[in-house]
Amino acid sequence: MKANKVTVVEEDSVPSLSRTEKNRLAALEKTISKGMETFLEVGRAIAAIHDEKLYRENYKTFAEYCNARWQMGRAHAYRMIDAVEVVEGLTKALGEEHPMPTNEAQIRILKKLDPEDRPEAWKRITENNAYHEAEKQVPHYLQEKYGESPSAIFDDKD
């Protein structure tokens with residue numbers, strides 16, 4: 001197994017975490033390490049660590065923290081954070097009783113859509129019981145809606 005390079009932040013260069021922040025970091029890390037009940041819990045925990053800079057005592061950057069602590073690349077961490085945004089938007093538009101995406105891969109394809117198109121596309125996927133085919137269903141939905149080929153739709157969305 002490849003050893004991760006860890007950069008330790010100099011003690012006097014950054015303020016130490018308060019007791020409350022250390023407790024919060026420990027609780028958030030426990031959520032991540034348990035494997036979580038859903039990927040959204042992971043996204044919320046990662047977002048909070050990022051937004052509150054709770055990694056700062058031991059790591060210079062958020063990316064360094066994710067890599068060293070969780071063997072998670074920066075891009076994947078941000079996809080997890082994006083997942084929270086997408087699902088919260090879907091929940092607001094469709095209601096809590098509507099089935100929501102259950103993994104980051106389903107979210108990834110929805111993230112390529114404009115936020116106003118996401119609820120309708122997800123509703124169609126769930127009505128067709130096509131959860132496992134989200135990557136195929138979303139382009140077809142857009143092709144029907146806008147009359148464009150899926151490749152033309154997604155070429156500038158990445």
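**Helix packing in a predicted model**

In this predicted model, the axes of helix H5 (residues 104-111) and helix H6 (residues 118-127) come within 10 Å and cross at roughly 135°. Angles of 65 to 115 degrees count as roughly perpendicular and those over 145 as roughly antiparallel, and H5 and H6 are therefore oblique to each other. The crossing of these two helices, H5 and H6, is right-handed. On the side of H5, the contact is made by Gln106, Leu110 and Lys111, while Arg118, Ala121 and Trp122 take part from H6. Sorted by class, the residues in the contact of H5 with H6 are three nonpolar, one polar and two charged.

Helix H5 also packs against helix H4, which covers residues 74-94. Here the angle between H4 and H5 is about 75°, and their axes are 9 Å apart. Because an angle from 65 to 115 degrees counts as roughly perpendicular, H4 and H5 are described in that way. From H4, the residues in this contact are His76, Arg79, Met80, Asp82, Ala83, Glu85, Val86, Val87 and Leu90, and from H5 they are Glu104, Ile107, Arg108, Leu110 and Lys111. The contact of H4 with H5 divides into seven nonpolar, one polar and six charged residues. Leu110 and Lys111 of H5 therefore appear in the contact with H4 as well as in the contact with H6.

Moving back along the chain, one comes to helix H3 (residues 62-70), where confidence is highest, at a mean pLDDT of 97. The buried residues of H3 are Phe62, Glu64, Tyr65, Cys66, Ala68 and Trp70. After H3 comes Gln71, whose phi is positive, near 50°, and this residue lies in the loop between H3 and H4.

A positive phi deserves a second look, because most residues other than glycine have a negative phi. Besides Gln71, whose positive phi belongs to a residue other than glycine, there is Lys53, with a phi near 55°. Lys53 is found in the loop between helix H2 (39-51) and H3. Is Lys53 buried, partly exposed or exposed? With a relative accessible area of 45%, Lys53 is partly exposed, since this term covers residues between 20% and 50%.

Finally, the confidence of the prediction should be kept in mind throughout. The protein chain averages a pLDDT of 82, and 79% of the residues score at least 70. In contrast to H3, helix H8 (residues 150-154) has the lowest confidence, at a mean of 54. Where pLDDT is low, the predicted coordinates should not be read in detail.

Terms used. Residues are numbered from 1 along each chain as its sequence is written. This is a predicted model: local features need pLDDT of at least 70, side-chain atom pairs count only at pLDDT 80 or more; totals for chains, interfaces and linings use all residues. Side-chain values use heavy atoms; hydrogens and water are left out. pLDDT is the predictor's confidence in each residue, from 0 to 100. Helices (H or I, at least four residues) and strands (E, at least two) are DSSP runs, numbered from the N terminus. Axes are lines fitted to C-alpha atoms, for helices over the stretch in contact, and angles run from 0 to 180 degrees between N-to-C directions. Angles under 35 degrees count as roughly parallel, over 145 as roughly antiparallel, 65 to 115 as roughly perpendicular and the rest as oblique. A crossing is left-handed if the near helix is turned anticlockwise from the far one by less than a right angle, and right-handed if clockwise. Contact means heavy atoms within 4.5 Å. Ala, Val, Leu, Ile, Met, Phe, Trp, Tyr, Cys and Pro count as nonpolar, Asp, Glu, Lys and Arg as charged, and the others, Gly among them, as polar. Buried means under 20% relative accessible area, exposed over 50%, partly exposed in between (1.4 Å probe, protein chains only).
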